[in-house]
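Hi everyone, thanks for coming. I'd like to walk you through a structure, one piece at a time. Here it is on the screen.

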Amino acid sequence: MNNTLENFARDQILRNLKILPNKNIVFFKRIYSIKSGCALDSSIEDIVKNLPSEYLDWALTQVENTLKRYKI
């Protein structure tokens, strides 16, 4: 994935997570903090920033599907 697409994916993930309830952010952190090499108590921005590119597509899809479930 090129840098432009990576940055877009990271921005979209963060933008969409901020719309969701806190419980979804905590769930995202539990799944992706270890993959990002971050502690569970790290900020969501740090976790997304450090998420390896191979996880970005799946993470973005999960967040978008969650938004659809909430009909946001």
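Before we start, one definition: a residue is called buried under 20% relative accessible area, exposed over 50%, and partly exposed in between. Please also keep in mind that this is a predicted model.

Let's try those words out on Ile72. Is Ile72 buried or exposed? Its relative accessible area is 54%, so Ile72 is exposed. You'll find Ile72 in the segment after helix 4. Together with Ile19 and Tyr70, Ile72 makes a nonpolar surface patch of about 280 Å².

Now for a contrast, go to Glu6, which sits in helix 1. Relative accessibility here is 15%, and because the limit for buried is under 20%, Glu6 counts as buried. What does Glu6 touch, once we leave out residues up to four places away in sequence? The answer is Met1, Ser53 and Leu56.

Next, helix 2, which I'd like to spend a little more time on. Helix 2 runs over residues 22-36, which is 15 residues. At 1.5 Å a residue, the helix should span 21 Å, and the C-alpha atoms at its ends are 20 Å apart, so the two agree. There is a bend along the way, though: about 35°, at Arg30.

Which residues of helix 2 are buried? They are Asn24, Ile25, Phe28, Lys29, Tyr32, Ser33 and Ser36. Those of you who like charged side chains will notice Lys29 in that list. As for their partners, the buried residues of helix 2 pack against helix 1 (3-17), helix 3 (44-50) and helix 4 (56-70). Just after helix 2 comes Gly37, with a positive phi near 75°.

Finally, two prolines in loops. Pro21 is in the loop between helix 1 and helix 2. With a relative accessibility of 31%, Pro21 counts as partly exposed. Pro21 and Asn65 are 44 residues apart in sequence, and their C-alpha atoms are 14 Å apart in space.

The other proline is Pro52, in the loop between helix 3 and helix 4. Pro52 is partly exposed too, at 23% relative accessible area. Leaving out residues up to four places away in sequence, Pro52 touches Lys35 and Ser36. Ser36, you may remember, was one of the buried residues of helix 2. And from Pro52 to Thr66 we have 14 residues in sequence and 21 Å in space, C-alpha to C-alpha.

That's my tour. Happy to go back to any part of it!

Note on methods: Residues are numbered from 1 along each chain as its sequence is written. This is a predicted model: local features need pLDDT of at least 70, side-chain atom pairs count only at pLDDT 80 or more; totals for chains, interfaces and linings use all residues. Side-chain values use heavy atoms; hydrogens and water are left out. Helices (H or I, at least four residues) and strands (E, at least two) are DSSP runs, numbered from the N terminus. The expected span of a helix is 1.5 Å times one less than its number of residues. The bend at a residue is the angle between axes fitted to the seven residues ending there and the seven starting there. Buried means under 20% relative accessible area, exposed over 50%, partly exposed in between (1.4 Å probe, protein chains only). Contact means heavy atoms within 4.5 Å. Patches are made of residues with over 30% relative accessible area and no salt bridge: like charges are joined within 9 Å, nonpolar side chains (Val, Leu, Ile, Met, Phe, Trp, Tyr) within 5 Å. Accessible areas come from the Shrake-Rupley method with a 1.4 Å probe; for residues, only the protein chains shown count as cover. A salt bridge is a side-chain nitrogen of Lys or Arg within 4 Å of a carboxyl oxygen of Asp or Glu.
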